[in-house]
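This briefing introduces one structure to a reader who has not met it before. Please look over the sequence and the model below, then continue with the points that follow.

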Amino acid sequence: MNETSPIQAQGVCHYYGEGPLRKQILFDIDLEFTPGEIVILTGPSGSGKTTLLTLAGALRSVQEGSMKVLGHELNGADGETLVKIRNSIGFIFQAHNLLDALTARKNVQMSLALHHGMTQARADEMSESILRDVGLGDRMDYHPSQLSGGQKQRVAIARALVDSPRIVLADEPTAALDKKSGREVVEILRGLAKEKGATILLVTHDNRILDIADTILTLEDGRISSYARGLATSASQQLGFLSSMNRRGALLEHIKDQPADEFMKSLQQASDDLSGLISNLESAREKVRESSLSQALQAATFKLRDLLDADRVTLFLIDETKQVLESEIASGSDGEPLSISIPIDT
């Protein structure tokens with residue numbers, strides 16, 4: 001095992017109950033994450049996702065196998081070691097678990113109370129800084145009852161990240177949020193964790209956020225059934241993500257407000273992954289394939305038009321770009337070339 005890995009497991013098994021009621025929940029789990037990696041853990045309800053998360057967070061005793069977190073073996077670890085590990089982890093749960101009697105600022109400062117000798121001035125400075133980072137600079141002295149669901153979850157993220165933990169464990173952080181709030185929450189989580197170099201393990205059923213992952217880990221019946229490095233390497237996850245955005249205009253809505261630099265990075269990543277995606281498209285239904293690719297090209301075209309000021313871009317250039325894209329797609333299919341119309345308003 002790599003000693004620099006923040007979370008690594010070998011042969012981890014876990015059971016609930018005693019005697020004849022004893023039931024195995026996890027079977028021979030092997031995994032290893034890298035510093036700064038975003039891992040999404042997905043799978044059916046009852047597959048053992050939360051159990052694995054709580055084992056990694058030293059919230060549950062390791063019964064069988066090896067689980068190392070931040071270089072410490074959890075199997076057989078004493079109480080002092082477990083407390084030390086927990087204090088190095090940021091926890092985010094579906095329920096925000098904020099104290100109603102405390103303001104957003106005071107809720108965040110609860111994570112700093114474990115640091116003996118920290119001055120109140122320093123605690124105020126750190127909590128105010130992280131709340132500004134999550135977009136709540138004007139809500140620091142609001143109580144949870146005065147905040148929306150998305151804002152409460154942002155406070156929970158701020159509380160988890162204020163002390164710059166090396167690991168962040170999140171259990172269904174978007175389950176109680178609408179689409180817009182859920183997306184905002186995971187983008188904030190991704191940005192802040194990447195900035196601070198934290199490894200994120202996020203349990204979710206939400207297919208709308210799979211694209212933030214560096215790794216997608218699928219658990220079924222207590223066993224790892226899929227270990228994909230990045231969304232682009234898993235055809236089933238790619239197609240599921242595209243299908244979830246299949247409603248007309250969903251992809252355009254997703255990218256239309258992206259800053260130019262973020263969009264260009266996304267476009268570059270899409271270009272890099274396109275060849276791998278095309279090779280797997282034959283497994284998708286024809287309607288999903290046509291609609292998803294057509295919508296992707298339309299969304300990209302509209303964004304490029306805005307960035308380049310399409311009023312001054314010649315129709316010749318746009319037509320040439322369209323032909324190149326259609327040629328690339330046609331070359332990756334064994335069937336008939338897709339007919340994709342890209343509307344350009346001039």
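Strand β7 pairs in the parallel sense with strand β8 (residues 199-203), and 5 bridges join the two. The model is a predicted one. The points below begin with β7 and its partners, then turn to a pocket, an aromatic pair and a glycine in a loop.

**Strand β7 and its neighbours**

- Strand β7 spans residues 167-171, and 5 of its 5 residues are buried.
- In a regular strand, side chains alternate between the two faces of the sheet.
- Ile167, Leu169 and Asp171 lie on one side of β7, while Val168 and Ala170 lie on the other. Both faces are covered, as the residues on each side are all buried.
- Strand β6 (residues 89-93) also pairs with β7 in the parallel sense, over 5 bridges.
- Leu169 of β7 has Phe91 as a bridge partner, and Leu169 also stands opposite Leu201 in β8.
- From β7 the chain passes through helix α6 (residues 179-196) to reach β8, in a β-α-β crossover that is right-handed.

**The second largest pocket**

- The second largest pocket holds about 440 Å³ of space.
- Its lining consists of 15 residues, of which Arg86, Ile89, Phe91, Ser111 and Arg159 are the closest to the centre of the pocket.
- Strand β6 gives the largest share of this lining, with 4 residues.
- Both β6 and helix α5 (149-161) supply at least two lining residues each.
- Sorted by class, the lining of the second largest pocket comprises 7 nonpolar, 5 polar and 3 charged residues.

**The aromatic pair**

- The whole structure contains 1 aromatic pair.
- The ring centres of Phe91 and Phe93 are 6.0 Å apart and the ring planes stand at 5 degrees, so this pair is stacked. The cut-off for stacked rings is planes under 30 degrees apart.
- Phe93 has a relative accessibility of 29% and therefore counts as partly exposed, a class that lies between the limits of 20% for buried and 50% for exposed.
- Phe91 links several of these topics: Phe91 is the bridge partner of Leu169, and Phe91 is among the residues closest to the centre of the second largest pocket.

**Gly222**

- Gly222 is located in the loop between β9 (215-220) and β10 (223-229).
- Its relative accessible area is 0%, so Gly222 is buried.
- Gly222 and Ile25 are 197 residues apart in sequence, yet their C-alpha atoms are 5.4 Å apart in space.

Definitions and conventions:
Residues are numbered from 1 along each chain as its sequence is written. This is a predicted model: local features need pLDDT of at least 70, side-chain atom pairs count only at pLDDT 80 or more; totals for chains, interfaces and linings use all residues. Side-chain values use heavy atoms; hydrogens and water are left out. Buried means under 20% relative accessible area, exposed over 50%, partly exposed in between (1.4 Å probe, protein chains only). Two strands pair if DSSP finds at least two bridges between them. A crossover is right-handed if, with the strands pointing away from the viewer, the path from the first strand over the helix to the second runs clockwise. On a 1 Å grid over the protein atoms alone, a cavity is a set of points where a 1.4 Å probe fits but cannot get out, and a pocket is an open set with protein on both sides within 12 Å along at least five of seven lines; lining residues have an atom within 4 Å of a point. Grid points are joined across faces, edges and corners, and a volume is the space filled by probe spheres set on the points. Ala, Val, Leu, Ile, Met, Phe, Trp, Tyr, Cys and Pro count as nonpolar, Asp, Glu, Lys and Arg as charged, and the others, Gly among them, as polar. Rings of Phe, Tyr and Trp (its six-membered ring) pair if their centres lie within 6.5 Å; planes under 30 degrees apart count as stacked, over 60 as edge-to-face and the rest as tilted.
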